[in-house]
Amino acid sequence: MILRTQGKTIPPYFLVPALLAGAGVLLPLLYLVLRAFEADPQALAELVFRERNLHLLANTLLLALGVMGGATLLALPLAWLTTQSDLRGKRWLALLLILPLAIPGYVGAFALLGASGPNGLIHALTGISWPRPSGYWGALGVLVLFNYPYLFLNLRAALLGLDPSLEEAARSLGYRGPEVFFKVVLPQLRPALYAGWLLVGLHVLGDFGVVSLMRFETFSYAIYLQYTASFDRVYAAWLSLMLLVLTVGLLMGEARLLRGLSFSRVGLGSARARQATPLGLWRWPALGLVALSLGAALIVPSSTILYWVFRWPGDYHRGLEGIAQSFLHSAQASAPAALLASLLALPLAYLGVRFPSAFSRTLERTAYLGYTVPPLAFALALIFFSLRAVPFLYQTLALLVLAYSLHFLAEAIGPIRSALYQASPRLEEAARSLGYSPLGAFVRASLPLIQRGVLSSMALVFLSSVKELPLTFLLAPVGFDTLATRIWGYTAEAMFAEAAPYALLIAFFSALFVGLLLTQEKRA
């Protein structure tokens, strides 16, 4: 296969794997569509226009909008406090406020459920039986607490990049305090808000663990129930397509809102250094907001996990065997997935950097499509594809590994692409002038320079796979319990002491993810 772009021939050993990766993402989704349209027209109309679908749509949209709004009310003042106020220790506070990313949503739900109710942490400390969160408000609270850092990171970066001369000009025109913020600062934060809302919205639409533990029916939870408790897989396929339409709508909405926005400086010179805004009497309410956020998203979950770990019942030896087996299962699926995802991401990133064109951009966006598709919908698509095309893969470890690698392929591309931008193409040209083949020149000249990026991509995919719950539920072999599925299973039965050690391990691995993220940011 020969393909040329910008006068250069794309090597087949990069082109073929890139095409396979794109096909791996698109083919299951195609089979999902075909499966959905298998019903006859009358049954199809009944499936699509069921009253229950409107209920699920309302629940899903209300939850997504509620979480985006709640995350904004929390992340925006926290981002402002850690960038523009005279609060002490702002950099350390910012680090602590990012750490809730180290706790997956279903672990956060376990922690809040374990802290409340009879025999919970709150009852043990105060004697008060705090009611357990459930339903819409329970799901909303958990998802806000453990997703607001995505918005916080975007807003904080935008606030650090603002030019204070714009605010000074507004004050010189007579604007004061809140007027300056709402008329000058907030409009410039729109790109950061849209990007953060997109990330939060995608996580809410794809969430399964939190909504299932809180017993709140959204499309994701309904897909799982329909697939596991019914033989009507066509309806499950339609629920997946409806959820996919919501995801595409969110992506298109974000792109439309960003169209035509420009907030770059047009004057000469550099931006002035910002003077910290004194908080005055607002210092104590500000510290209270920070303490409330850290207490609810970090202190309560970590304390609850440790509280239930020390109340672990039964035989410790047998319990440790179960934990070790679940950890081994998680590693057996996650390690090969990390390797495969990096191998598939390498040609995609190489084509995008060394052969930029509409073709290479389309292939790369296809990989990102696999990441934006809600996990349960993607899992169902793979099930339909495997049953039709490769039935011997159904409910095997190989299918689970493939699902992990395709779903997290976008995470693997980023670090490799960044490393390739830093590796000069002239080194490969020099190697080829010395007689090496194109592949040999890449292996000798560029591969050693991008090893750190490859390892980072493998680490990201490994840790994301360890935390993944929906894909594991639908695709894992029978009896293949991982850390994530054990947490969900025990928590769903209110067996908090049994779930606590697994939650502790997941939180540890997730903390490694955040540490890796911050390390890469510091190097950059």
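## Phe473 and Trp488

Let's start with Phe473: at 22% relative accessibility, this residue counts as partly exposed, because buried would mean under 20%. Keep in mind that the model is a predicted one. Trp488, with a relative accessible area of 13%, is buried.

## Aromatic pairs

There are 17 aromatic pairs in the structure. One of them joins Phe37 and Trp238, which meet edge-to-face, with 5.1 Å from centre to centre and 65 degrees between the planes. Phe37 sits in the loop between helices H1 (12-36) and H2 (41-48), while Trp238 belongs to helix H13 (residues 233-258), so this pair ties together parts that are 201 residues apart in sequence. Trp238 has 11% relative accessibility, so Trp238 counts as buried.

Phe473 and Trp488 make an aromatic pair too, again edge-to-face, at 4.5 Å centre to centre and with 80 degrees between the planes. Here the link runs from helix H23 (residues 470-475), home of Phe473, to helix H24 (residues 483-492), which holds Trp488; the two residues are 15 residues apart. Both also belong to one aromatic cluster, made up of Phe208, Tyr221, Tyr224, Phe473 and Trp488.

## Helix H5

Now for a helix that is mostly covered: H5 spans residues 105-115, and 10 of its 11 residues are buried. Among them are the aromatics Tyr106 and Phe110, along with Val107, Leu112 and Leu113. Gly108, Ala109, Ala111, Gly114 and Ala115 are on the buried list as well.

What follows H5, and is its phi positive or negative? Gly117 comes after the helix, and its phi is positive, near 75 degrees.

Notes. Residues are numbered from 1 along each chain as its sequence is written. This is a predicted model: local features need pLDDT of at least 70, side-chain atom pairs count only at pLDDT 80 or more; totals for chains, interfaces and linings use all residues. Side-chain values use heavy atoms; hydrogens and water are left out. Buried means under 20% relative accessible area, exposed over 50%, partly exposed in between (1.4 Å probe, protein chains only). Helices (H or I, at least four residues) and strands (E, at least two) are DSSP runs, numbered from the N terminus. Rings of Phe, Tyr and Trp (its six-membered ring) pair if their centres lie within 6.5 Å; planes under 30 degrees apart count as stacked, over 60 as edge-to-face and the rest as tilted.
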